[in-house]
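Me: I would like to go through a structure feature by feature. Please give the general idea each time, then the case at hand.

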Amino acid sequence: MGFGILFFAVFLTYFGALTPISSFTYVLGSALMLFALYKLSVQNKLFVASAITSAALLLVSLTSVGMYVFGSVANIFYGVLIQLEGVLAPSLLILILVGIYLLAGEVELRKLQGWSIVNTVFIAAYLICDIISIFVKGELVTPRLGIVCLILQILYSAFMLVILFNCYARICYEDDKNMEKGTSGVPVFDALNKAFNKVANKNKKNKGDK
């Protein structure tokens, strides 16, 4: 269930960041990511660093939302929190990708390893672009850097979802001969797992027919 919940959490966190309510989606998304990464870290210690970073992101997000709700956005500390949030979020994905790369290597999924490297490059390019936009200002430069950053953010977020779904379908399922995930008792998560199971089983059937 870890990768299934993580898929949903990444969608909520990183695509939610593109909406006007990004502060609130960060809190909910990072909380779900912490839960998912905790479950994954119990099974594989490769995700411990990711879980710790997601806890830090949750703490920062909660603090920034609290300041926003109580009208403290003019405080310089609020600006620092937003900047820190902007660094922690992509850095967390890099740590998750490192864990996926190592885990995929253990089960010899070379394509998944390659995808992890490519998406890490996309995230690194976004971070570099974001840093440049902080120090380089201008009527012509600033809007263009903003567009590049936005494109890279959408690109690495979407690619991350593709990678996580493949982790769910190919890594977790290899340890589950029945090709089914257990239920959590949480309707939303169970519905998500059911949908993933359906797609994964369909893919397995199609491969078997070839």
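Reply: What follows covers confidence, fold, core, and surface in turn. This is a predicted model, in which local features need pLDDT of at least 70, side-chain atom pairs count only at pLDDT 80 or more, and totals for chains, interfaces and linings use all residues. Residues are numbered from 1 along each chain as its sequence is written, and side-chain values use heavy atoms, with hydrogens and water left out.

Me: What is the mean pLDDT of the protein chain?

Reply: pLDDT is the predictor's confidence in each residue, from 0 to 100. Here the chain mean is 83, with 81% of residues at 70 or more. Over residues 173-181 the pLDDT is below 50, although this stretch has 21 contacts (heavy atoms within 4.5 Å) in the model beyond near neighbours in sequence. Where pLDDT is low, the predicted coordinates should not be read in detail.

Me: Which element has the lowest mean pLDDT, and which the highest?

Reply: Elements are DSSP runs numbered from the N terminus: helices (H or I) of at least four residues and strands (E) of at least two. Helix 7 (residues 187-209) has the lowest mean, 58, and helix 5 (residues 110-135) the highest, 93. The protein chain has seven helices and zero strands.

Me: Where does the largest nonpolar core draw its residues from?

Reply: A nonpolar core is a set of buried Ala, Val, Leu, Ile, Met, Phe, Trp, Tyr and Cys residues joined through side-chain atoms within 4.5 Å. Buried means under 20% relative accessible area, exposed over 50%, and partly exposed in between, with a 1.4 Å probe and protein chains only. The largest core has 50 residues, and those with the most contacts inside it include Phe 3, Leu 6, Met 33 and Ile 96. Two or more residues come from each of helix 1 (2-16), helix 2 (22-43), helix 3 (48-69), helix 4 (76-106), helix 5 and helix 6 (141-172). Helix 6 gives the most, 14 residues.

Me: What does Ile 96 touch?

Reply: Leaving out residues up to four places away in sequence, Ile 96 touches Leu 6, Met 33, Leu 37, Phe 47, Ser 50 and Met 160.

Me: Is Ser 64 buried or exposed?

Reply: Ser 64, in helix 3, is buried because its relative accessible area is 0%. Beyond four places in sequence, Ser 64 touches Tyr 78, Leu 81, Ile 82 and Glu 85.

Me: Is Ile 128 buried or exposed?

Reply: Ile 128 lies in helix 5 and is exposed because its relative accessible area is 52%.
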